[in-house]
Amino acid sequence: MRKLILLLIFCLSLNQASAQLLDNLRLGLESNMAWYNDDKRTGAFFDEENNDGDEHVRVNSYLKLDYDFLKNFTATVQIESYEPLALLNYSPNFEGTNFGIYSLNYKSNKLEASAGHYYEQFGSGMILRNWEDRQLGLNNALLGGRMKYMPLDFLALTALYGKQRVGFETADSDIFGFNTELDLSNIFNFENSSLNLGFSYVGRNETADSEDPNFDDLTNAFSGRIDFTEGNFYANAEYVTKTDDVAVIAGQLIDNFVNPGNALLLNTGFSQKGFGIDATFRRLENMGFYSEREKTGNVFLENNINFTPALTKQHDYLLTNIFVYQAQSQVVFADPQLMEAGEIGGQVDLFYNIKKGTSLGGKYGTKLAFNASYWAGLKGDYDYNNLSYDVDYFGFGEKYFSDISLEIRKKWNKKVNSIFYYVNQYYNQRTIEDNFSGEQIKTNIVVGETIYKFGRIGQSVRLEFQKLWSNSDNHDWIGGTFEYNVSPRLSFYVNDIYNSGMDSSTSENHYYNFGGSYNKGTTRFSLNYGRQRAGLVCVGGVCRFVPEATGLSASLLMSF
Amino acid sequence: MKRTFLLILLFTISLSYAQDIPNVILKNLENESVSIQKLANSNDIKIFSFWATWCVPCINELDAIADVYEEWQDETNVELIAISTDDARTKKRVIPLVNGKDWEYQILIDDNQDLKRALNINVLPYIMVVKNGEIVHTRTGYTPGSEDELYEVVKENAKL
């Protein structure tokens, strides 16, 4: 409280100071409100995480201040408020109002130093990534200190120590990290190509509760990376290895089930004007890495040290996001029929621009995007009774997921644009959701979208039609969206999806939403009413489950 | 705590000063470091567009501008810098997508969202027009035709 008053006085005194000083202040405000209603079809409102049915109105707010001073310094404070309780399915650790983030940073050409909270990523994040996503209720910043030093043009070093943020507290462990980036092309003066190397170390020190555990308090992870680019061609590889780590099944440490982990990521691509191709392969084995072992696989995405997102295309339409793959990085021994040690697979992307003036390209050209991905379990021998597994390095086991999609974008004339989207998916519900009675679902989804511009600048309508067919009696979905953009500032929309299949939780419910948004500069206000389908909300590669809910929501974003 | 928070909220809303460009360094597609402050400190107008490969309105906007970009550059010398906020999941798609779509923009990679966070950007797409290190216009979201309004802003400031 005293800190807050001090901060307020600090801000107010700034207000009195010259405009010059205020030029150095950046402010960001985000406020998300929900008013949950009882729903005749889907039942009364109830929040299972907080065991509460009374607090129908909830607001999550974030106020962030960054102040640049003395040329090289920046101070950052983020205050967060979850009142009276956090929005549905946020971690109960986000409770009340408090400082979420505070830090002091120094930055010069060669040296960077941070004290307080910071966000770091080594390589692609397979060994370490700290980031924030408010929609997902995720903030796993480290609280401690970090130094980055660039002694030479081609060399960058990072050393860090911290405790990971969990809610408004920190995890009960210490994280150590070290990273080196080496730019060889700078040393050898390559003209048209670049070659970069990277090495990282991340250690987690968590004291075990049990007396004589079969694993060490300190778990070490090492990673090596190589990145090569020559003209239109590029290729890169990353390998991570993690020392012996205990398996966690249903939140319990299994002391006699200890294994090392590793991850391999290979990526290559080629592109030129109007054409691009990219291919990725990844294999993960026992790569769950958490700042508290027993939080392994938790649904709130708390305590994540590393980042192993599903490498599939992230779709953007409602019906294409019903069956979403999530990376299977962990050891799961749920039952003799359901055992996993990781995943193996890959994806390919193709982009092609059919030229203007050709018969298929028309007057404006036609843009194509194709993606295919395939993911499977690790092939090998799994022994449920003795708690052990022996997996092949390049063997593909049971199929988990596949996805093939094609997007065609076509501009017909100055006023009309269309997008056509087709997706074919295979979703192994049993293994992806660790659900014993899960089905093998195959779907075909088509989406058609047309935008028509008319009248004054910024006025348009957008129409979207979606249909999902599946081999399962439970899922047969249809959906649509209508959007009216009055101007670049103001728009309204209405959408609905409906399942005529027999799935007990969604059958014959309309999941409708309508609302509008107003933008001006950096301010955005939106208002929405509707029924939200239970399912995954995915943002930038990570998905989190949200429950079914009906009600009014509003959101305000501002920055100065 | 709650009341103080509200107070600060009110105080925030009462503020309306232009924000400055943070001192952030990003990598381009050739893995070279690019200083955002240096880039912004130009007499020519720079449009910073924050996007991601998975954001449909972002792609719509950059596609729409691509159709008229040559014209814009000839008339006003404006430059568009498309800042990809894709993280490790989708970052690999940036180069083939940009080339496949034949975009002529300067592309920068903000894969752990350092710049996005420093500018308090919460929603994509986000457009920021800068001249001589000063932010002269910002917009959140994209609706078809907004690029025409954006160009009006560019032309106005190019004359100054």
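Visitor: In which sense do strand 1 of chain B and strand 2 of chain B pair?
Guide: Strands are DSSP runs of E with at least two residues, helices are runs of H or I with at least four, and both are numbered from the N terminus. Two strands pair if DSSP finds at least two bridges between them. Strand 1 and strand 2 of chain B share three bridges, and the sense is antiparallel.

Visitor: What pLDDT do local features need in this model?
Guide: Residues count from 1 along each chain as its sequence is written, while chains are lettered from A and ligands numbered from 1 in the order written. This is a predicted model: totals for chains, interfaces and linings use all residues, side-chain atom pairs count only at pLDDT 80 or more, and local features need at least 70.

Visitor: Which residue takes a positive phi in the hairpin of strand 1 and strand 2 of chain B?
Guide: Four residues sit between the two strands. The phi in question is near 70°, and the residue is B:N31.

Visitor: Which residue of strand 5 of chain B stands opposite B:K27?
Guide: On the strand 2 side of chain B, B:K27 faces B:S33. Strand 1 (residues 25-28) also pairs with strand 5 (residues 106-109) of chain B, antiparallel over two bridges. B:N28 has B:L108 as its bridge partner in strand 5 of chain B. Opposite B:K27 in strand 5 of chain B stands B:I109.

Visitor: By what angle are neighbouring strands of the seven-stranded sheet in chain B turned, on average?
Guide: The sheet is open, with mixed pairing and the order 2-1-5-4-3-6-7. Strand 2 (33-35) and strand 7 (134-140) of chain B are its edges, each pairing on one side only. Axes are lines fitted to C-alpha atoms, for helices over the stretch in contact, with angles from 0 to 180 degrees between N-to-C directions. With direction ignored, the average turn between neighbouring strands is 30°.

Visitor: How is helix 3 of chain B oriented to helix 6 of chain B?
Guide: The axes of helix 3 (residues 56-76) and helix 6 of chain B come within 11 Å and cross at roughly 25°. Angles under 35 degrees count as roughly parallel, over 145 as roughly antiparallel, 65 to 115 as roughly perpendicular, the rest as oblique. So helix 3 of chain B is, to helix 6 of chain B, roughly parallel.

Visitor: How many residues in the contact of these two helices of chain B are charged?
Guide: Contact needs C-beta atoms, placed from the backbone, within 7 Å. Helix 3 of chain B brings residues including B:E61 and B:W72, and helix 6 of chain B brings B:Y151 among them. Ala, Val, Leu, Ile, Met, Phe, Trp, Tyr, Cys and Pro count as nonpolar, Asp, Glu, Lys and Arg as charged, the others, Gly among them, as polar. Six are nonpolar, one is polar, and the charged residues number three.

Visitor: How many residues of chain B are in contact with chain A?
Guide: Chain A contributes 72 residues. Its side divides into 26 nonpolar, 31 polar and 15 charged. The count for chain B is 50.

Visitor: What is the radius of gyration of chain A?
Guide: Chain A has four helices and 33 strands. The globule rule (2.2 Å times the number of residues to the power 0.38, for a radius over C-alpha atoms) is the yardstick. It gives 24 Å for 560 residues, so chain A is as compact as a globular protein of that length, with a radius of gyration of 25 Å.

Visitor: Which residue precedes A:P84 across the cis peptide bond?
Guide: A:P84 sits in the loop between strand 3 (73-83) and strand 4 (96-107) of chain A. Omega is near -15°, and the bond comes from A:E83.

Conventions:
Two residues are in contact if their C-beta atoms, placed from the backbone, lie within 7 Å.
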